[in-house]
Amino acid sequence: MVRNLSVRIVMVVCGIVAALSQAAPVWAHGFAGQRFFPEPIVMEDPFAADEMNLPSFSYIRTHDARELSFGVELQKRLTPNLGVSIGGEYAMVNPLDPTQPNSTGFVSPEFAVKWTPYINGPHETVVGVQVSLGSTLGNHNVSEEHSSLGTQISFGRGLGDVPESLPWLRPVAIEGALGIEDPIGATAPDGTVLHSFVVLQYSLIYLQSFVKDIGLPWPLSRVFPQVEFSFDSMLSGGDRGRTTAYVYPGFVWAGKYIEIGLEAQMPLNDYAGDNIGVVGMLHLFLDDMMPSVFHPIFGVAPPKPALGS
Amino acid sequence: MFDKVRRLTVRSLLLVLGTGVTLIASTGPAWPHAFPDHSDPRVGSEVQSAPKMVRIWFDGRLEPLFSAIHVMNQQGQRVDTGPSGVDPGDATLLTTEVPPLPPGVYTVVWDVVAVDGHRTEGRFDFTIKGGP
């Protein structure tokens with residue numbers, strides 16, 4: 001545990017040093033080359049950003065309860081590629097067993113540092129690393145009993161450079177993430193969890209702007225049909241070997257200042273239950289709403305005169 | 001309790017969607033970080049005769065000093081002859097002039113900075129079927 005924590009601290013320090021040492025132009029958030037990656041609803045994307053979820057929500061009926069939660073998350077960039085975030089939720093849990101009491105309250109907030117060390121424009125590729133700390137500051141009846149430390153590596157890859165014989169494939173983007181979450185504390189009963197995510201997305205604005213203008217009107221041209229997958233696997237503890245898997249078909253719409261998203265939450269295996277839930281969000285692009293306030297604090301290089309001018 | 005939860009869920013969904021629709025309708029199609037709205041020739045189009053100009057209309061105003069457009073042939077050679085840049089009368093319009101071009105596939109390359117300082121870039125192809 002101490003070795004894991006030390007490795008993660010070193011990763012964060014290296015990220016901070018690397019990010020602060022590189023002055024970079026202020027790219028619009030979520031871009032790798034000409035590819036815009038909107039914020040997924042379930043997966044944490046690879047980009048450091050000045051953005052806010054206000055709110056996100058989820059509802060699902062599990063084996064033993066109905067669960068509804070509302071979340072808020074604020075992300076702030078320190079440099080163009082390094083940012084911090086804080087997020088919290090308010091949860092309502094209604095057990096299916098009528099003899100059991102309902103539980104409501106604020107879930108323990110989570111703090112995170114995110115670093116985007118690699119963006120390749122021509123190949124529409126981005127890689128991000130995040131370290132997060134789950135606290136025990138929330139209401140105990142809806143929160144974990146112990147703190148947790150999480151590390152995640154994520155990527156995004158647009159298919160804009162596929163052979164020209166496959167033009168309709170170019171608007172496709174794939175994102176993925178792999179993370180480990182460890183409970184902190186000698187008395188923590190739960191084990192280590194492996195979190196895995198995959199996002200498959202089709203960008204209509206990419207189709208219109210870079211492949212073929214098929215005449216889609218606004219706001220339809222700003223829709224991103226997508227499907228997300230999540231897999232939570234217990235690596236230790238009493239539930240070792242158990243994986244809970246969901247698929248989330250839906251869409252996001254990204255506009256001038258906001259993004260909205262809505263997806264169904266559908267079980268993929270027995271551990272995920274039998275019922276379909278729903279997740280959604282209203283996401284704010286703070287750097288576009290208030291650019292004089294929300295921008296990287298350090299390491300911003302001025303724009304250069306454009307090619308050939 | 002469950003009915004309350006279900007009502008709250010539905011109301012929450014409606015609130016988020018309603019807020020989103022309101023914000024969408026009130027802000028219009030423009031992106032602060034400028035993105036192409038439409039172009040002439042259109043993205044991925046086939047035109048019968050060679051155009052005299054290539055134009056891209058963006059959904060936000062551009063910074064002239066940091067915005068540019070080029071046209072390349074299939075050999076990767078630049079074929080636009082200028083003047084090129086942001087139109088003085090319309091800060092959302094990026095243009096360049098081209099000479100009479102032979103049939104073939106051409107690539108328009110653009111690189112812009114919007115007035116909010118955000119940079120975006122892109123490229124698209126169009127095809128000339130007939131002669132100049």
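Guide: pLDDT is the predictor's confidence in each residue, from 0 to 100. This is a predicted model, and its overall scores are ipTM 0.81 and pTM 0.85.

Visitor: How do you know what confidence chain B carries?

Guide: On a scale from 0 to 100, chain B averages a pLDDT of 84, and 74% of its residues score at least 70. Residues 26-31 of chain B stay under 50, and the model has 13 contacts beyond four places in sequence for them.

Visitor: What makes up chain B in terms of helices and strands?

Guide: Chain B has 1 helix and 8 strands. Along the sequence the pattern reads α-β-β-β-β-β-β-β-β.

Visitor: Why are E5(A) and E6(A) called paired strands?

Guide: Pairing requires at least two bridges found by DSSP. Strand E5 (residues 65-79) and strand E6 (residues 82-95) of chain A have 14 bridges between them, in the antiparallel sense, and are therefore paired. One of the partnerships sets Phe70(A) against Tyr90(A) in E6(A). The two strands form a hairpin with 2 residues between them.

Visitor: What makes E7(A) a partner of E6(A)?

Guide: The requirement is again at least two bridges. E6(A) and strand E7 (residues 103-120) of chain A are joined by 11 bridges and run antiparallel, so they count as paired. Within E7(A), Ser103(A) is the bridge partner of Val93(A).

Visitor: Which strands are at the edges of the open sheet in chain B, and what makes them edge strands?

Guide: This sheet has 4 strands in the order E2-E8-E7-E4 of chain B, with mixed pairing. Strand E2 (46-47) and strand E4 (68-72) of chain B are the edge strands, as each pairs on one side only. For E4(B), 5 bridges lead to strand E7 (residues 104-113) of chain B, in antiparallel fashion. There, Val71(B) stands opposite Val108(B) in E7(B).

Visitor: How do you know how much of helix H2(A) is covered?

Guide: A residue is buried if 20 or more other C-beta atoms lie within 10 Å of its own. In helix H2 (residues 204-211) of chain A, 6 of the 8 residues are buried, and the helix is mostly covered. The buried residues are Ile205(A), Tyr206(A), Leu207(A), Gln208(A), Ser209(A) and Phe210(A). They pack against strand E3 (35-36) of chain A, and also against strand E1 (36-40) and strand E8 (119-128) of chain B. In chain B, buried residues make up 32% of the 132 residues.

Visitor: Which residues touch the most other members of the largest nonpolar core?

Guide: They are Ile41(A), Val42(A), Ile258(A) and Leu284(A), in a core of 31 residues. The elements giving two or more residues to this core are strand E4 (51-61), E6, strand E11 (193-202), strand E13 (243-254), strand E14 (258-267) and strand E15 (277-285) of chain A. E15(A) gives the most, with 5 residues. Leaving aside residues up to four places away in sequence, Val42(A) touches Phe197(A), Glu228(A), Ser230(A), Tyr248(A) and Val279(A). A second, separate core of 27 residues includes Val43(B), Val98(B), Tyr106(B) and Val112(B).

Visitor: Why can Glu228(A) and Ser230(A) touch Val42(A) without qualifying as nonpolar core members?

Guide: Core members must be buried Ala, Val, Leu, Ile, Met, Phe, Trp, Tyr or Cys, so Glu and Ser do not qualify. The contacts of Val42(A) with Glu228(A) and Ser230(A) require only C-beta atoms within 7 Å.

Visitor: What share of the contacts in chain B join residues at least 24 apart?

Guide: Among contacts in chain B between residues at least 6 apart in sequence, the share is 62%.

Definitions and conventions
Residues are numbered from 1 along each chain as its sequence is written. Chains are lettered from A and ligands numbered from 1 in the order in which they are written. This is a predicted model: local features need pLDDT of at least 70, side-chain atom pairs count only at pLDDT 80 or more; totals for chains, interfaces and linings use all residues. A residue is buried if 20 or more other C-beta atoms lie within 10 Å of its own, exposed if 12 or fewer, and partly exposed in between; C-beta atoms are placed from the backbone. Two residues are in contact if their C-beta atoms, placed from the backbone, lie within 7 Å. A nonpolar core is a set of buried Ala, Val, Leu, Ile, Met, Phe, Trp, Tyr and Cys residues joined through C-beta atoms within 7 Å.
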